[in-house]
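New to this one? Have a look at the sequence and the model first, and then we can walk through it piece by piece.

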Amino acid sequence: MSDAELVLRSTRVITPEGTRPATVTVAGGTITAVGPHDAPVASGARLEDLGDDVLLPGLVDTHVHVNDPGRTEWEGFWTATRAAAAGGITTIVDMPLNSLPPTTTVGHLRVKQETAADKAHVDVGFWGGALPGNVKDLRPLHEAGVFGFKAFLSPSGVEEFPHLDQEQLARSLAEIAAFDGLLIVHAEDPHHLAAAPQQGGPRYADFLASRPRDAEDTAIAHLVAQAKRFGARVHILHLSSADALPLIAEARAEGVRVTVETCPHYLTLTAEEVPDGASEFKCCPPIREAANQDLLWRALADGTIDCVVTDHSPSTADLKTDDFATAWGGISGLQLSLSAVWTEARRRGHTLEDVVRWMSERTARLAGLDDRKGAIAPGRDADFAVLAPDETFTVDPAALQHRNRVTAYAGRTLYGVVRSTWLRGRRIVADGEFTAPQGRLLTRIR
Ligand SMILES: [Zn+2]
């Protein structure tokens, strides 16, 4: 279809040049023009007037554990992508672990893709995994279209996905650098974790002490040194320790190719407020103190932290026991991430444009998808969220779409109601009503 088929009009459209009244014309699922608010609508086109609701680019969440197949009772593609769509997220990139098989060979990638194919309500891409024994699989996975490779520097929590020791990290990184791929890393140092007091039990303070900041800082320092040695591209996953920020900023100033993400829970929840026994707040690295959180926000503002992703990592409710040492570590955030981050961003004087930069533009760039995703601009996919930013809602677990409705946000009042989400020009959810799955499977473009 060459004719314009859809025109979205709003007094607040977030474009790369700023927020302005505009009309956005869509044809064949792609944005063809961003014009003035009163631009004439071609005959035959369908006009959607959004009034004062904000039109923003659909979010790109590059850190999601779907767990399908193999641990589908924890989370599956059907439920995870519905939660994403309900939260204004139009692209997710699935982590290679917690599913069975993990995404560590091309054969395993094919299994994942087949599993996701008819269940994806949003677009889905895949990270591969770098394990001690699979250096030979990395290049084939890269060529098969994974967006990069995830590695752990300390135990991952599932036995089929072992971590890399220092020598194995060097070997994987050398291989990945040879084809200019991307290594994304869970950076906690196993020796520092082993040396920390492992008290166990329901007290959050004991859990926090068991995952100290220096475990993160040490692992990040080592990773950055290895990235420098090989000229490799690395990305630090879910940064929690603000103490690592100076060394990251310094490395970047020296030209080391390192990017950093943090997560909604580190930005909106604090250790001081986690009730004892409340393992819905457990994740690794852990949610830290309010003073640490202030520094994470400062680093987002100054660009040391590039982006914000959910690290949505659910399990069944029975694994969320009240013993922090043994409870499953992972926070389910897909549906609430935009509202949670916006609520705190707003309180701290940031704009919705900032949130879009952190959760859509920069994450699209991280995945190399920025020719297609991450902005409202001609030539990009017509992926949108329509948001009422000044409206509030109270989080009701029963209204969540992910499979196990455990949430650390229950009862919180958040700003930002997602009215509808659009994927390639089609409204995929509005007011809790979903269409049939329209998502596509994505592969690396560059
Ligand atoms: Zn994760």
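What follows is a tour of the domains, the core, some helix pairs and a handful of single residues.

**Two domains and what sits between them**

Keep in mind from the start that this is a predicted model. The domain assignment splits the chain into domain 1 (6-55 + 381-434) and domain 2 (59-366). Measure from centre to centre using C-alpha atoms, and you get 27 Å between domain 1 and domain 2. Their contact draws on 27 residues from domain 1 and 39 residues from domain 2. On the domain 1 side, at least two residues each come from strand 2 (18-27), strand 15 (384-394), strand 16 (413-423) and strand 17 (426-430). Strand 16 is the top contributor to that side of domain 1, giving six residues.

Now for the inside. The largest nonpolar core has 131 residues, and the members that touch the most others in it are Leu55, Leu183 and Val185. Since domain 1 (6-55 + 381-434) and domain 2 (59-366) both supply residues to this core, it lies between them. As a bit of background, nonpolar side chains in soluble globular proteins tend to be buried together.

Which residues does Val185 contact, once its neighbours within four places in sequence are set aside? The list for Val185 is Ala151, Leu153, Leu223, Val234, His235, Ile236 and Leu237.

**Helices that pack against each other**

Two helix pairs are worth a look. Take helix 11 (residues 337-347) and helix 12 (residues 352-366): their axes come within 10 Å and cross at roughly 135 degrees. At that angle, helix 11 and helix 12 count as oblique to each other. Helix 11 passes helix 12 in a right-handed crossing. From helix 11, the contact uses Leu338, Val341, Trp342 and Ala345, while helix 12 brings Leu352, Asp354, Val355 and Met359.

The other pair is helix 4 (residues 166-178) with helix 7 (residues 213-230), packed at about 40 degrees with axes 10 Å apart. That angle makes helix 4 oblique to helix 7. Here too there is a label for the handedness: helix 4 passes helix 7 in a right-handed crossing. Where they meet, helix 4 offers Gln166, Leu169, Ala170, Leu173, Ala174 and Ala177, and helix 7 answers with His222, Gln226 and Phe230.

**Backbone details in the loops**

Some loops hold backbone details that you might skip past on a quick look. Here are four residues to find, with the angle for each.

| Residue | Backbone feature | Angle |
|---|---|---|
| Pro101 | cis peptide bond from Leu100 | omega near 5 degrees |
| Pro285 | cis peptide bond with Cys284 | omega about -5 degrees |
| Asp311 | positive phi, not a glycine | phi about 50 degrees |
| Asp431 | positive phi, not a glycine | phi near 50 degrees |

Where are they? Pro101 is in the loop between strand 7 (89-94) and helix 2 (106-117). For Pro285, look in the loop between helix 9 (264-268) and helix 10 (290-302). Asp311 lies in the loop that runs between strand 14 (307-308) and helix 11, and Asp431 is in the loop between strand 17 and strand 18 (433-434).

Is Asp311 buried or exposed? Asp311 has 27 C-beta neighbours inside 10 Å, so it counts as buried. Asp431, on the other hand, has 8 other C-beta atoms within 10 Å, so it is exposed.

**Two more residues to click on**

Pro190 is part of helix 5 (residues 190-195). Its count of C-beta neighbours inside 10 Å is 16, so Pro190 is classed as partly exposed. Pro190 and His163 are 27 residues apart along the chain, and their C-alpha atoms are 9.5 Å apart. His163 also turns up among the contacts of Pro190, along with Leu153, Ser154 and Pro155, leaving aside neighbours within four places in sequence.

Arg405 belongs to the loop between strand 15 and strand 16. With 18 other C-beta atoms within 10 Å, Arg405 is partly exposed. Not counting residues up to four places away in sequence, Arg405 touches Pro397, Ala398 and Leu400. As for Leu237, Arg405 is 168 residues from it in sequence and 24 Å from it in space, C-alpha to C-alpha.

Terms used: Residues numbered from 1 in each chain as written. Predicted model: local features only at pLDDT ≥ 70, side-chain atom pairs only at ≥ 80, totals over all residues. Core = buried A, V, L, I, M, F, W, Y, C linked by C-beta atoms within 7 Å. Buried ≥ 20, exposed ≤ 12 C-beta atoms within 10 Å, placed from the backbone. Domains from an automatic or database assignment. Contact = placed C-beta atoms within 7 Å. Axes fitted to C-alpha atoms, helices over the stretch in contact; angles between N-to-C directions. Helix = DSSP H or I, 4+ residues; strand = E, 2+ residues; numbered from the N terminus. Parallel < 35°, antiparallel > 145°, perpendicular 65-115°, else oblique. Left-handed = near helix turned anticlockwise from the far one by under 90°.
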